[in-house]
Structure formats: C-alpha cells, structure tokens
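Please walk through the structure below, beginning with a pair of helices and moving on to the sheet.

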Amino acid sequence: MRAWLSLGLFFGGVVMLTSACATSEEWSDWRGHKTHFASGTHGFFSLRNNRDGSNPRVSRTDVDAARQENWWGKAITVSPEQIFQN
Amino acid sequence: MLRHRPRLLGGLLLTAALVVSGGVSHAAPEDALMPLEKYTTLKGKSLASAHRTRLLQFSEEIYNCMPWLAVYPAGLGFRPPRDSQDDDRYLSTWIYVDQREDAVFAALPQERRVSAMFSRYGVDMLRRMSALADVVDDSDVAGLSVVLSWLKPGTSRPGRQAVNETFSLFVDKATLRDFLAKRVSAEEFTNRAKFALFDGQNAVGRVPIEVWEDSFNSTYKATNVIPPKGAVCP
C-alpha cells in the first residue's frame with residue numbers, strides 16, 4: 001500500500017514538474033519573440049491572407065469593418081465607470 | 001417592375017446597405033476623444049478644450065500607424081480615477097489590443113498576461129503620451145493613465161459571448177518621467193503606480209506584475225495595411 005502511495009506521489013510530482021517546465025518554456029518563447037504577433041494572432045492579419053496564400057494589402061477601413069463585425073462592443077468588458085470618473 | 005427583376009432589387013438593396021454602413025462610425029480618430037459634454041467639471045472641460053487638437057493628432061497617429069491597436073470610443077481624455085476624492089485629471093488612453101486566440105498566450109497565468117501586455121503596449125503608449133509635452137506639462141494634468149483590453153484566452157468560442165481582460169494603470173508625472181529615463185526601476189514604478197485588473201466586468205484588483213523592455217510596439221510595421229491618404233508615420 002505504502003509502495004503504491006509513494007509511486008503515485010512520484011508520478012504526480014513528475015507530472016507537475018513537466019507541466020511547470022512547459023509553461024516556463026512557453027513563457028520564455030512568448031517573451032523572447034518580439035514579433036510574435038506578426039505570426040497571425042492579430043485580428044487584422046487574418047484580413048490579408050487569401051486561401052491561396054497570397055497577401056493582398058488592405059485599407060485601414062477594411063480593418064475597421066472587420067473589427068466592427070468581430071468584437072467591437074460585443075465582448076464582455078469592464079465599463080468606463082468602473083475605472084474612471086468623468 | 002422590381003418584383004420581376006430580383007437581381008436588380010438585390011443590387012439596389014446591397015448598394016443601399018453599403019451606403020448606410022459607410023455612414024457608420026468605425027472608431028475614427030475623432031471618435032476616440034471623450035466628448036466635451038461628458039466632462040463633469042470645469043477643469044476637465046478646460047483641459048479637453050485646450051488640448052483637443054493635440055489629442056486628435058495623437059489619436060490619428062495610433063489610427064494610422066498602429067492598426068493592430070484601437071482606441072475605444074471616448075477612450076482618450078482627461079479623467080480622474082474612479083476612487084479619486086479630488087478632481088485629479090489624468091491624461092488617459094484606453095486601448096484595445098486586437099489579438100486573436102493564441103495557444104502560447106493562453107498558457108500564461110493571468111498576471112503574466114497582464115505583465116506581457118503592459119510591457120509590450122502599456123509602456124510604449126505611456127512613452128508616447130509623455131512626449132506630448134504641451135499637454136503633460138499643463139499644471140492641471142496630475143498624471144498619465146493607460147488602460148489596455150484584450151481578448152481573454154478561451155472565451156471566443158461559437159455560441160458564447162467573448163470576454164475581455166482589462167488592465168488600468170494610473171501614475172503621477174514625476175514617477176513616469178523618472179521611469180522612462182531609467183532613474184526609477186520597474187519595481188519602484190509598479191510600487192508607486194495605481195493599477196487594477198478586470199476579468200470581463202469583474203474586478204480582480206491589484207495583481208503582481210513584472211515590467212520589462214519590449215520594443216514590439218515601437219518598431220513593428222504593418223506593411224500590408226495601406227495607411228489612409230496623407231498619413232505620415234515616423
């Protein structure tokens with residue numbers, strides 16, 4: 001019984017350590033990668049990628065229009081009154 | 001006649017829709033400025049009125065040169081913190097960081113996400129705001145404030161309402177000046193600044209943050225976005 005418990009604790013520790021390392025690696029990757037957002041995570045980048053892989057240039061108005069459709073005013077966000085007075 | 005010409009009718013409706021949507025405001029630079037009538041004190045109104053042109057230029061700079069960011073409507077102005085007893089006016093900018101779901105970012109603990117966002121965008125925005133010398137040197141400006149919102153990872157699933165995380169920070173002018181000039185450490189800067197995190201509409205409060213150098217916002221160029229005509233980006 002004791003042996004099983006020790007084994008369980010051992011493997012639990014290994015799992016915890018492994019996950020901690022992964023997070024740490026991911027963190028340093030994000031922190032170190034100065035152009036991380038250029039890889040496509042910015043919302044406006046999705047505008048310019050065609051299915052054929054070409055990258056047409058888009059106007060600033062296109063960015064605005066896509067933003068309006070996607071998120072502007074739709075996500076749950078703190079109200080200004082919770083941060084400021086007028 | 002139109003009843004027998006469904007394509008023509010469709011075309012007319014589409015044209016009408018485009019005309020109507022063309023009139024909708026897309027958070028243009030002017031919309032970013034807090035309207036004068038919203039200010040509740042003479043001090044606030046005077047500041048907004050005196051520095052309107054400069055704030056509009058600043059808003060245009062963000063709009064034209066940093067399309068990955070957006071200033072919230074009425075997000076740029078002179079406002080006191082919510083809990084302020086006096087009418088201390090902070091030059092404030094509320095920015096939305098346009099970022100989609102990202103596995104690496106999602107794996108970070110919340111306070112790390114805050115640290116990353118503030119280091120990457122908050123510090124640079126404060127630096128840009130502090131460069132508005134004529135505004136910041138106004139004796140009625142108590143300090144500077146930056147508010148950052150971004151999509152909370154894992155909340156933009158179909159059928160669910162997405163949630164934004166928001167970080168707000170207020171700092172006095174002298175501390176910011178010394179921090180940007182490296183006379184005050186990042187640790188001392190965060191000790192002196194007032195800041196809070198919000199998870200959607202829920203106040204999380206003060207979280208432990210780290211601040212480091214990140215040049216992304218000051219060096220990145222969005223080459224595939226055509227800037228509006230006449231826009232000059234440094």
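In this predicted model, α6(B) passes α8(B) in a left-handed crossing. The axes of the two helices, α6(B) and α8(B), come within 11 Å and cross at roughly 110 degrees. Angles of 65 to 115 degrees count as roughly perpendicular, so α6(B) is roughly perpendicular to α8(B). On the side of α6(B), the contact is made by B:L126, B:R127 and B:S130; α8(B) contributes B:L176, B:R177 and B:L180.

Both helices also meet a sheet. This open sheet in chain B has six strands in the order β1-β2-β3-β4-β5-β6, and the pairing is mixed. The edges are taken by β1 (69-79) and β6 (202-205) of chain B. Each of these has a single partner strand, so one side of each is left without a neighbour in the sheet. On average, and with direction ignored, neighbouring strands of the sheet are turned by 20 degrees against each other.

Helix α6 of chain B, residues 110-130, packs on the sheet and touches β1, β2 (89-97), β3 (141-151), β4 (164-172) and β5 of chain B. The direction of α6(B) makes about 140 degrees with that of β3(B). Helix α8 of chain B, residues 173-180, lies across β3 and β4 of chain B and runs at about 100 degrees to β4(B).

The largest nonpolar core holds 58 residues. Those that touch the most other members are B:L69, B:I95, B:V97, B:M117, B:L148 and B:F167. The largest share of this core comes from α6(B), which supplies nine residues. What does B:I95 touch, not counting residues up to four places away in sequence? With that exclusion, the contacts of B:I95 are B:L69, B:V71, B:Y121, B:M125, B:V146, B:V147 and B:L148.

The β6 edge can be followed in the same way. Strand β5 of chain B, residues 194-199, runs antiparallel to β6(B), and three bridges join the two. Here B:D199 stands opposite B:N202 in β6(B). B:G205 is also found in strand β6 of chain B. Is B:G205 buried or exposed? A residue counts as exposed if 12 or fewer other C-beta atoms lie within 10 Å of its own; B:G205 has 9 within that distance, so B:G205 is exposed. Not counting residues up to four places away in sequence, B:G205 touches B:A196 and B:L197. The C-alpha atoms of B:G205 and B:P73 are separated by 24 Å, and the two residues are 132 residues apart along the chain.

Key:
Residues numbered from 1 in each chain as written. Chains lettered and ligands numbered in written order. Predicted model: local features only at pLDDT ≥ 70, side-chain atom pairs only at ≥ 80, totals over all residues. Pairing = 2+ DSSP bridges. Helix = DSSP H or I, 4+ residues; strand = E, 2+ residues; numbered from the N terminus. Axes fitted to C-alpha atoms, helices over the stretch in contact; angles between N-to-C directions. Contact = placed C-beta atoms within 7 Å. Core = buried A, V, L, I, M, F, W, Y, C linked by C-beta atoms within 7 Å. Buried ≥ 20, exposed ≤ 12 C-beta atoms within 10 Å, placed from the backbone. Parallel < 35°, antiparallel > 145°, perpendicular 65-115°, else oblique. Left-handed = near helix turned anticlockwise from the far one by under 90°.
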